[in-house]
Amino acid sequence: MTITISEQTFDELLYQDTENSCQYPDPDDQLDVMYDYPKVLGQGYWREIKLRQGLNLAIGDLRLCDRMITEHSETECWLNYHFHFSGEHEDKYTSIGRGKYIFQGSGLVPQRKTQCDPEQPFLEVEFTMQPDILRSFAGNSEGELPKQLQHLIRPCDQYYHRCGTATLPMQRVAQQILHCPYRSIAKRMYLESKVLELMGMLLAQEVEMRDGKTNIQPLQPDVVDRIHHAREIILQRLENPPSLHELARQVGLNECTLKPGFRCCFGTTVFGYLRNYKLEQARQLLEIGEMKITEIAHAMGYNSRSPFAAAFRKQFGMNPKEYQKLGKNSV
């Protein structure tokens, strides 16, 4: 079953009857509020912490009862960082899953539909930042950002975003946010410092990506559609994926557009996405526990167990055998 819901209706369900559905995990902080996730949609919580005017942090820990499509209207937004420890959702412009993030600048987010997968629980960290806060770090009296970062604050009719795989330092900071050891003022200062640390990492990436590439333009919706079609093609041909040249031809793009466009939409290369997808399938098979590791390696296209184990360790931080034991111990 699929639940289709508007963003407005979702907000009404989440914030309705707040006296009964919300809690204050920190009694000394009335701006730290935890809302019960609407029972008609799933279970868990959504926690919102207003760190200061124009800087908000949110933590979600929930599980959906069914596949859900949320219809979003066109809206102006602040800068936003959205990281997933687990859970998947995608729309026309972005796709996010385990270990991935979406970073978007301020501007006008187009109308879109977000599809959420109910198979895995969602554990996510998100923060939003008003453009004036970013400008306050600009380092000059006029609040002008460096040229490499000016694209992050756009006119209200434009939208910048990118998807990526969170670096290990990013993941560590997100973990520290989840397990903040403090309360009251100390908690707020600690969490704000972690949000700013994450933003610092993101800005460093933006500068590196745009040094000498200041004319990069946002992808047009038609190009985004073709790139999503390319992803569908490679997932349908897991056993015999097309070459990059053939894939570009099938979706009506040239390779010079497909390669950076695919990375922009999905945070990795075409064949990096295919490799990650296969490794995620392997991880799920290890959790099920019905196949031997060598059998899983062959099913994922590896000639032997050794290169599969190396790829799995690089992706998930442990060997397949260790992961399998971890799953058995948690049962």
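**Group meeting: cores, rings and salt bridges**

Okay, let's start with V223, which is buried, at a relative accessible area of 16%. Before I go on, one reminder: what you see above is a predicted model.

So where does V223 sit? You'll find V223 in helix α6, which covers residues 221-236. And what does V223 touch, once we leave aside neighbours within four places in sequence? That would be L253 and T257. If you want a distance for that part of the chain, take V223 and V251: they are 28 residues apart along the chain, and their C-alpha atoms are separated by 9.3 Å.

Now, the cores. The largest nonpolar core has 35 residues, and inside it L57 and Y81 have the most contacts. Several elements supply at least two residues each: on the strand side β4 (42-52), β5 (55-64), β8 (79-86), β11 (100-104) and β14 (122-129), and on the helix side α3 (131-135), α4 (168-178) and α5 (184-210). Which of them gives the largest share? That's α5, with seven residues. There's also another core lying apart from this one, with 22 residues, V224, I227, L244 and L247 among them.

Have a look at Y81 while you have the big core on screen. Not counting neighbours within four places in sequence, Y81 is in contact with Y101, I102 and F103, with V125, E126 and F127, and also with A166, M170, L198 and L202.

Next to discuss is Q104, in strand β11. Buried or exposed, would you say? Q104 is buried, because its relative accessible area is 12% and the cut-off for buried is under 20%. As for its surroundings, setting aside residues up to four places away, Q104 touches C77, W78, L79 and N80, then V109, and then Y159, Y160 and H161.

On to the rings. Searching the whole structure turns up 10 aromatic pairs. Take F83 and F85: the ring centres are 4.8 Å apart and the planes are at 75°, so we call that pair edge-to-face. F83 is buried, at 1% relative accessible area, and F85 also counts as buried, at 15%. Elsewhere, Y302, F308, F312 and Y323 make up one aromatic cluster.

Last topic, charges. How many salt bridges does the structure hold? The count is 17, and I'll pick out a few.

In α3, D132 bridges to R135, with the closest N and O atoms 2.8 Å apart. Those two are three residues apart in that helix, so about one helical turn separates them. R135 counts as partly exposed, at 33% relative accessibility.

In α5 there's E197 with K194, closest N and O atoms 3.4 Å apart. Here too we have three residues, about one turn of the helix, between the partners. E197 is partly exposed at 34%, whereas K194 counts as buried at 13%.

Then E246 and R237, whose side chains meet in a salt bridge at 3.2 Å, N to O. E246 is partly exposed, with a relative accessible area of 25%, and R237 is partly exposed as well, at 27%.

And to finish, a network: salt bridges link D26, D29, D32, R47, R183, K187 and R188. That's it from me.

Note on methods:
Residues numbered from 1 in each chain as written. Predicted model: local features only at pLDDT ≥ 70, side-chain atom pairs only at ≥ 80, totals over all residues. Heavy atoms only, no water. Core = buried A, V, L, I, M, F, W, Y, C linked by side-chain atoms within 4.5 Å. Buried < 20%, exposed > 50% of the residue type's maximum accessible area, 1.4 Å probe, protein only. Helix = DSSP H or I, 4+ residues; strand = E, 2+ residues; numbered from the N terminus. Contact = heavy atoms within 4.5 Å. Phe/Tyr/Trp six-rings, centres within 6.5 Å; stacked < 30°, edge-to-face > 60°. Salt bridge = Lys/Arg side-chain N within 4 Å of Asp/Glu carboxyl O.
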